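Here is a short set of exercises to work through with the model open beside you. Try each task before you read its solution.

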Amino acid sequence: MNLSEQISSLFSCNVDPSEKPQLEISVSKREPLNVAVPMTIFYSIIFFFGVTLNGVSLLTLLMDAQMRVSAIRFYLISLVISDILQLLTLPVTLYRYYWESYPWRLGSTVCKVYFMMRQVYCATTSWVIMTFTTERYAAICHTMWSVSSLKKFRLPCLLSVWIISLASAVPFALVYDQALACILDYTAATRADAFHVSTMCEMTEPDPAHIYKGALLVRAGIFFLVPLVSICTLYLLILLYLMRNGRQRRNMGLMRLDPEGRRNIQCHQNGKLLLNEKRALKLMGAVLAAFFVCNFPDIASSLMQVYVVVWSDTVHSVYTILKSYLSLPLWYINGALDPLLFCISSHTFRRACCRTLGRLRSHCYSKFGSMSGLRQRTSSEEASTTAIKNNSGKGYRENMAKKRNTISDQTNYNVGSSHESPFQDEQQQGN
């Protein structure tokens, strides 16, 4: 008896035959606040830092002159874009898993795109890492192959990876949809509140669900196990080649041990290529380890959905831990972790990010500094204009006062002259 048959044996909704639900699901409407609030804070921090760090990484890979000539630039751009797409599904995850599992209010399109983007992220990341490792293997172990021929196939390979990833997401768009469901809410206090008919975003393909199970098997096999085995094999071959090549270089005098004998010192210009290859492998190795560790719980829970027939309490508890408590957090942690792994594993990328942040800071400073300078100039101009007006008014008042004093002096002089003229006339007449 599969899970849907077990649920059907527990309950059934009394509705009109014309409104018969497509699904029968046992689920709670929302998580309790003591779970939902901390998880919302946790995912919000991951979302903020993940989008910010991936955004800075993308700007660095597109703008920095040193990163534009890097051999792994396009691989890192693909990883960053897939991480951003995956992080953009995080608000929907919070809404669907923690705050309101039913009714589904975001529509059928969002439901389909949500599961498609998750599949695109899984497929793109694994195959980009595998493509990069294959190119590094060819460049290191088969040095007779020209670098130009490797560059020629780089973009077509990455384009093919994205096309295959998008094609692998189509089955998820076919089986996931907004559908009417008969819901048993196991957190309800009474039987009347336990049964609901509402819309949900769930897998709607009826049993035996060949498309859905086939899509999960393809994701687990083609986009997880095959890349894992291929990459591990290529890394082993590269390491064996580097060890053998290192011994040959030491025998030829191109490399020597330092006085403490702990590491090899390059003594030839060709050694720089070897050192750069080791750094590139170190970077992508860290990304590989993070990806497969963070995606294993989701792959394991998907395989359980396909192959488990009898769902005992223990099996269901293991599935719940893998799906709800490990799969979702690790998925998004991996998306936010990649830029940090880039910086930790590669000092070249770290310096490039510092240069990008410096340019962004200077740009913001020049933009907002010019605005503040404009405001300061405007205020100083207003102050000078006010001072000029005040000085002009003061000078005007002083000039008017001088004119009034001059007029009054002339008036007094004329008055005095008019009083003196008769006496002068009389003296003149007496004489």
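**Exercise 1. Work out the strand order and the pairing sense in the open sheet.**

Solution. Start with the order: three strands form an open sheet, arranged 1-2-3, with mixed pairing. Strands here are DSSP E runs of at least two residues, helices are H or I runs of at least four, and both are numbered from the N terminus. Two strands pair if DSSP finds at least two bridges between them. Before going on, note that this is a predicted model, in which local features need pLDDT of at least 70 and side-chain atom pairs count only at pLDDT 80 or more, while totals for chains, interfaces and linings use all residues. Residues are numbered from 1 along each chain as its sequence is written, and side-chain values use heavy atoms, with hydrogens and water left out.

Next, take the pairs in turn. Strand 1 and strand 2 (residues 176-184) pair in the parallel sense over four bridges. Strand 2 and strand 3 pair in the antiparallel sense over nine bridges. Strand 1 (23-26) and strand 3 (195-203) are the edge strands, each pairing on one side only.

**Exercise 2. Find the bridge partners in strand 2 of E24, I25 and S26.**

Solution. Step along strand 1. E24 has C182 as its bridge partner in strand 2. I25 is matched with I183, and S26 with L184. Now cross to the other side of strand 2: the bridge partner of C182 in strand 3 is V197.

**Exercise 3. Which side chains of strand 1 are buried, and which are not?**

Solution. Begin with the general pattern: in a regular strand the side chains alternate between the two faces of the sheet. Then apply the burial scale, where buried means under 20% relative accessible area, exposed over 50% and partly exposed in between (1.4 Å probe, protein chains only). L23 and I25 point to one face and are buried, whereas E24 and S26 point to the other and are not.

**Exercise 4. Which strands does helix 6 lie across?**

Solution. Helix 6 (residues 107-141) lies across strand 2 and strand 3. For the direction, fit lines to C-alpha atoms as axes, for helices over the stretch in contact (heavy atoms within 4.5 Å). With angles taken between N-to-C directions from 0 to 180 degrees, helix 6 runs at about 105° to strand 2.

**Exercise 5. Compare the span of helix 2 with the expected value, then list its buried residues.**

Solution. Helix 2 (residues 33-63) has 31 residues. The expected span is 1.5 Å times one less than the number of residues, and for helix 2 that is 45 Å. From first C-alpha to last, helix 2 reaches 44 Å, close to the expectation. Its buried residues are A36, M39, Y43, I46, G50, N54, V56, S57, T60 and L61.

**Exercise 6. Is helix 5 largely enclosed or open, and why?**

Solution. Locate helix 5 at residues 90-99. Its buried residues are L90, V92, T93, L94, Y95, R96 and Y98. Because seven of its 10 residues are buried, helix 5 is largely enclosed by the rest of the structure.

**Exercise 7. What surrounds S82 and F292?**

Solution. S82 is found in helix 4 (residues 73-87) and is buried, with a relative accessible area of 1%. Leaving aside neighbours within four places in sequence, S82 is in contact with Y121, T124, T125 and W162.

F292 sits in helix 10 (residues 270-307). At 8% relative accessibility, F292 counts as buried. Setting aside neighbours within four places in sequence, F292 is in contact with F224, P227, L228 and I231. F292 and P227 are 65 residues apart in sequence and 9.8 Å apart in space, C-alpha to C-alpha.

**Exercise 8. Describe the aromatic pair formed by F48 and F49.**

Solution. Use this rule: rings of Phe, Tyr and Trp (its six-membered ring) pair if their centres lie within 6.5 Å, with planes under 30 degrees apart counted as stacked, over 60 as edge-to-face and the rest as tilted. The count comes to 12 aromatic pairs. F48 and F49 form an edge-to-face pair, 5.3 Å centre to centre with 80° between the planes. F48 counts as exposed at 52% relative accessibility, and F49 as partly exposed at 47%. Elsewhere, F42, Y43, Y98 and Y332 form one aromatic cluster.
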